[in-house]
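Me: Please put the model up. I will ask about a few computed values.

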Amino acid sequence: MMNKKIILIAGKGQSTNIIFNALIERYGVVSAIIEDKESPIAFWKRRLKKLGLVKVLGQIGFQLLIQRPLKLCSKYRIDEIIRQNKLNQKDIPNDKILKVNSINSKITIELLKSLNPDLIIVNGTRIISKRVLQSVPCKFVNIHAGITPMYRGVHGTYWALVNNDFINSGVTVHFVDEGIDTGQIIAQKQVSITSKDNFSTYPFLQLSVGLELLFESIDSCFKKSTTSVKFEGESKLYYHPTIWAYLFNRIFKKVK
């Protein structure tokens, strides 16, 4: 299976490095197509249009006053998860990176066609357009930090805990379509949360479990033995919590 060509298309970040290193160790990866981060102005303008001023101000307050300090305070636990699960954070070698402004650009399509991959792994990109998804005759696969369809969007484990829905605190590997985490489910698994964990550590627990599922899913794809997981539940899209929602959930629901 090492002769199969796998491409990673992703945004910059720690999780992308971890996924790349895991893939290249197990399968070999020809290259990683990395898109530039969207400008904060464009991101928040789009979010403002979708959610309104009050919620957006609350999300900004959460990121500045809660999320960043919490991640600093959680460094020991994050390092522990990384060490226990043997996650390799080493930077992707420059000669393996192909940079694009947007994953939906014409250049991305040209790169994919020239690379002619057997499978494409997605991590942390913008919503991928139909034009890109149909540009090559292979599947796009994503690790989603949540159990779909109930916890689409971001921070699936956090929201499952807020909803007292422990059984759906987990991770999903799915094929990518034009929607937001709406593609065909390949595999799902619950994650185990300890008293040491919080909003900043949940994604690392999910990634650790998600990589195991990703390997199983890739093997199934190449053996052409992938089966669709049918999971019925209310489909809901989640965003970052506001600062007041986070504080309420932490005080009254004990969700960190």
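Me: What span is expected for helix H2 (residues 40-51), and what does H2 reach from its first C-alpha to its last?
Reply: This is a predicted model, where local features need pLDDT of at least 70, side-chain atom pairs count only at pLDDT 80 or more, and totals for chains, interfaces and linings use all residues. Residues are numbered from 1 along each chain as its sequence is written, and side-chain values use heavy atoms, leaving out hydrogens and water. Helices are DSSP runs of H or I with at least four residues, and strands are E runs of at least two, numbered from the N terminus. H2 has 12 residues, and the expectation at 1.5 Å a residue (times one less than the number of residues) is 16 Å, close to the reach of H2, 16 Å.

Me: Which residue follows H2, and what is its phi?
Reply: The residue after H2 is Gly52. The phi of Gly52 is positive, near 95 degrees.

Me: Is Glu234 buried or exposed?
Reply: Glu234 is found in the loop between helix H8 (202-223) and strand S9 (237-238). Buried means under 20% relative accessible area, exposed over 50% and partly exposed in between, with a 1.4 Å probe and protein chains only. The relative accessible area of Glu234 is 64%, so Glu234 is exposed.

Me: Which residues does Glu234 touch, not counting those up to four places away in sequence?
Reply: Contact means heavy atoms within 4.5 Å. Val255 is 21 residues from Glu234 in sequence, and their C-alpha atoms are 22 Å apart. With that exclusion, Glu234 touches Pro149 and Met150.
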